[in-house]
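Please look over the sequence and the model below before reading on. The paragraphs that follow move from one pair of strands to a sheet, then to a single residue, and finally to the chain as a whole.

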Amino acid sequence: MVGPEELREAMRRFPAGIAVLTVHAEGRPLGVTVGSLVSLSLEPPLVGVSIGRSSQLHEPLRDAGRFVANVLAGDQAHLAQHFARSVPPIALWNGIPTRPSDLAEPLLEGALAWIECRTRAAHEAGDHTVFVADVLSTELGRPGPGLVYVDGEYRSL
């Protein structure tokens, strides 16, 4: 059987689009960088995202039952790095530009798209949970290249 490091090394060669999931939970905004956002179905509109059970956002995401996927632009690697840190999430919002919205979840300014989601199901998968979510709304942001993670670094593509 393949070990975690071997799988990690192989998957680093596969470019993954980068998004920041934002939730409003525990009375505050929270966010985490993901490379696992996928479109699952068009009818009905569903997306999926995989979150490590050790992530500080895992339980708040499960409890909130909803999130926004902020699809990052190629020049937003600093935001991906910022929300990938393992520090208390309350401090992560200092100096982070958000845009006005009627949603409880923060929308990161300058994103390529925002996808509002309601969790439909959560499936345990190894050390992660795969959250399946109904897409409630989408909004397109500015046009441009997206941010991907490949070969251990963020790149504009």
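In which sense do strand 4 (residues 38-42) and strand 5 (residues 45-52) pair, and over how many bridges? In this predicted model, the two strands pair in the antiparallel sense, and four bridges hold the pairing. Strand 4 and strand 5 form a hairpin, with two residues between them. To follow the pairing at one position, find Val 38, whose bridge partner in strand 5 is Gly 48.

A second example of antiparallel pairing can be found in an open sheet of three strands, where the order is 1-11-12. Strand 1 (16-17) and strand 12 (153-156) are the edge strands of this sheet, as each of them pairs on one side only. Strand 11 (residues 147-150) runs antiparallel to strand 12, and four bridges join the two. Within this pairing, Tyr 149 stands opposite Tyr 154, which belongs to strand 12. When you look at any strand in the model, it helps to remember that in a regular strand the side chains alternate between the two faces of the sheet.

From the strands we can turn to a helix. Leu 79 is found in helix 3, which covers residues 77-84. Is this residue, Leu 79, buried or exposed? Its relative accessibility is 2%, and because a residue is called buried when this value is under 20%, Leu 79 counts as buried. If its neighbours within four places in sequence are left aside, Leu 79 is in contact with Val 20, Thr 33, Leu 72, Ile 96 and Leu 108. Asp 102, by comparison, is 23 residues from Leu 79 in sequence, and the C-alpha atoms of the two are 22 Å apart in space.

With these details in mind, we can step back to the whole chain, which has three helices and 12 strands. For 157 residues, a compact globule would have a radius of gyration near 15 Å, and the chain agrees with this, since its own value is 15 Å. Its C-alpha atoms fill a box of roughly 50 × 35 × 30 Å along the principal axes. Of the 157 residues, 39% are buried. If we take the contacts between residues at least 6 apart in sequence, 65% of them join residues at least 24 apart.

The surface and the charges complete the picture. The accessible surface of the chain comes to about 8,600 Å², and 55% of this belongs to carbon and sulfur atoms. There are 13 positive and 18 negative side chains in the chain, and the centres of these two sets lie 2 Å apart.

Methods:
Residues are numbered from 1 along each chain as its sequence is written. This is a predicted model: local features need pLDDT of at least 70, side-chain atom pairs count only at pLDDT 80 or more; totals for chains, interfaces and linings use all residues. Side-chain values use heavy atoms; hydrogens and water are left out. The radius of gyration is taken over C-alpha atoms; the globule rule is 2.2 Å times the number of residues to the power 0.38. Buried means under 20% relative accessible area, exposed over 50%, partly exposed in between (1.4 Å probe, protein chains only). Contact means heavy atoms within 4.5 Å. Accessible areas come from the Shrake-Rupley method with a 1.4 Å probe; for residues, only the protein chains shown count as cover. Lys and Arg count as positive and Asp and Glu as negative; His and the chain ends are not counted. The place of a charge is taken as NZ of Lys, CZ of Arg, CG of Asp or CD of Glu. Two strands pair if DSSP finds at least two bridges between them.
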